[in-house]
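Student: Could you take me through one part of this model up close, namely the aromatic pairs and whatever surrounds them? I'd like one connected account rather than a list.

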Amino acid sequence: FFQGLQSPFHSNIWIYMEREDIGGSYIINTYNTNTKKSKTLQNVKNKNRKKLAFKPIAWTQNPNEIYVEGLYLDSAEEHEGLWLLNINTGKLKSLNIPFKFMRTPILSPDRKSFYGVGSLDNKMNILHGNTDVIYEYNLSTQKGEILLQDKGESFIINGWKENLTDKSITY
């Protein structure tokens, strides 16, 4: 087991990625906890790790699509972009994000934007580079925006803090 997601639409539906201990082969499955049935969406043999692997990172506003992140397994070459994966067909569609993330981006609670960190360095170094810029990628407009930048700083986005005092906010 590598990474999984529970559907926000049907709590009995899970999507998860399994991968080899060492190597580039992986499987993406759906699993229904009520029926105990699973379905394979992708089963990729990737002996030389030349192909991207796709790990599930977030559910879209559509119950039949998830966002996946492209990466090369067992490599520092992670965060190679985001794709939509249709869970009915197993088909991928690339999101044309105008910048490169240094860490896995997070989806806003309303599922309308991704937020992530990148680097102002001329040559990106995933392992040792600076995460000195915060990006927003708006999914409806398909436009990216720099929200904050400070050369040499190290920004991290860990998630969302729910406002526990304002009950009118829906997440």
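Tutor: Here is a walk from the aromatic rings out to their surroundings. Keep in mind that this is a predicted model.

Let's start with the rings. Searching the whole structure turns up 2 aromatic pairs. One of them is Phe54 with Trp83, an edge-to-face arrangement with 4.9 Å from centre to centre and 75 degrees between the planes. Phe54 sits in strand β5 (residues 53-59) and Trp83 in strand β7 (residues 82-86), so this pair ties together parts that are 29 residues apart in sequence. Both partners are tucked away: Phe54 is buried at a relative accessible area of 9%, and Trp83 counts as buried too, at 14%.

The other pair is Tyr67 with Phe114. Their ring centres are 4.9 Å apart and the planes meet at 80 degrees; since planes over 60 degrees apart count as edge-to-face, that is the label this pair gets. Here too distant parts of the chain are linked, with Tyr67 in strand β6 (residues 65-71), Phe114 in strand β10 (residues 113-118), and the two positions 47 residues apart. Tyr67 is buried, with a relative accessible area of 6%, while Phe114 is buried at 0%.

Now widen the view to the nonpolar packing. In soluble globular proteins, nonpolar side chains tend to be buried together. The largest nonpolar core in this model has 18 residues, and the members that touch the most others are Ile15, Tyr26, Ile28, Phe54 and Ile66. So Phe54 from the aromatic pair shows up again here. Strands β2 (13-19), β3 (26-32), β4 (37-44), β5, β6 and β7 each contribute at least two residues to this core. Apart from it there is another core, of 15 residues, including Ala58, Phe99, Leu107 and Tyr135.

Tyr26 is a good one to click on. Leaving out residues up to four places away in sequence, Tyr26 touches Met17, Glu18, Arg19, Gln42, Asn43, Val44, Leu52, Ala53, Phe54 and Leu73. That list brings us back to Phe54 once more.

Next, the strands that carry these rings. β5, β6, β7 and β8 form an open sheet of 4 strands in the order β5-β6-β7-β8, with antiparallel pairing. β5 and β8 (92-95) are the edge strands, each pairing on one side only. If you ignore direction, neighbouring strands in this sheet are turned by 35 degrees against each other on average. At the β8 end, 4 bridges join β7 to β8, and Leu82 stands opposite Leu95 in β8.

There's also a polar residue worth a look in this sheet. Glu69 lies in strand β6 and counts as buried, at 2% relative accessibility. Its side chain makes a polar contact of 2.6 Å with the side chain of Thr104. Beyond its neighbours within four places in sequence, Glu69 is in contact with Ala53, Phe54, Lys55, Ile57, His79, Gly81, Leu82, Arg103, Thr104 and Pro105. Phe54 is among those contacts as well. The C-alpha atoms of Glu69 and Pro56 are separated by 6.5 Å, although the two residues are 13 apart along the chain.

Two strands that feed the largest core also make a hairpin. β3 and β4 run antiparallel and are joined by 7 bridges. There are 4 residues between them, and Lys36 in the turn has a positive phi of about 65 degrees. One of the bridges matches Asn32 with Lys37 in β4.

From Asn32 you can step across to Asn12, which lies in the loop between β1 (3-6) and β2. The C-alpha atoms of Asn12 and Asn32 are 5.4 Å apart, with 20 residues of sequence separation. Asn12 counts as buried, at 15% relative accessibility. Setting aside neighbours within four places in sequence, its contacts are Tyr31, Asn32, Thr33 and Asn34.

Ser7 is found in the loop between β1 and β2 as well. Ser7 is buried, with a relative accessible area of 4%, and its side chain reaches the backbone nitrogen of Phe9 at 3.0 Å. Outside its neighbours within four places in sequence, Ser7 is in contact with Ile13 and Trp59.

If you want one residue to hold on to, pick Phe54: Phe54 pairs edge-to-face with Trp83, ranks among the core members that touch the most others, and is in contact with Glu69.

Terms used: Residues numbered from 1 in each chain as written. Predicted model: local features only at pLDDT ≥ 70, side-chain atom pairs only at ≥ 80, totals over all residues. Heavy atoms only, no water. Phe/Tyr/Trp six-rings, centres within 6.5 Å; stacked < 30°, edge-to-face > 60°. Buried < 20%, exposed > 50% of the residue type's maximum accessible area, 1.4 Å probe, protein only. Core = buried A, V, L, I, M, F, W, Y, C linked by side-chain atoms within 4.5 Å. Contact = heavy atoms within 4.5 Å. Pairing = 2+ DSSP bridges. Polar contact = N/O pair within 3.5 Å; in protein donor to acceptor, adjacent residues only side chain to side chain. Axes fitted to C-alpha atoms, helices over the stretch in contact; angles between N-to-C directions.
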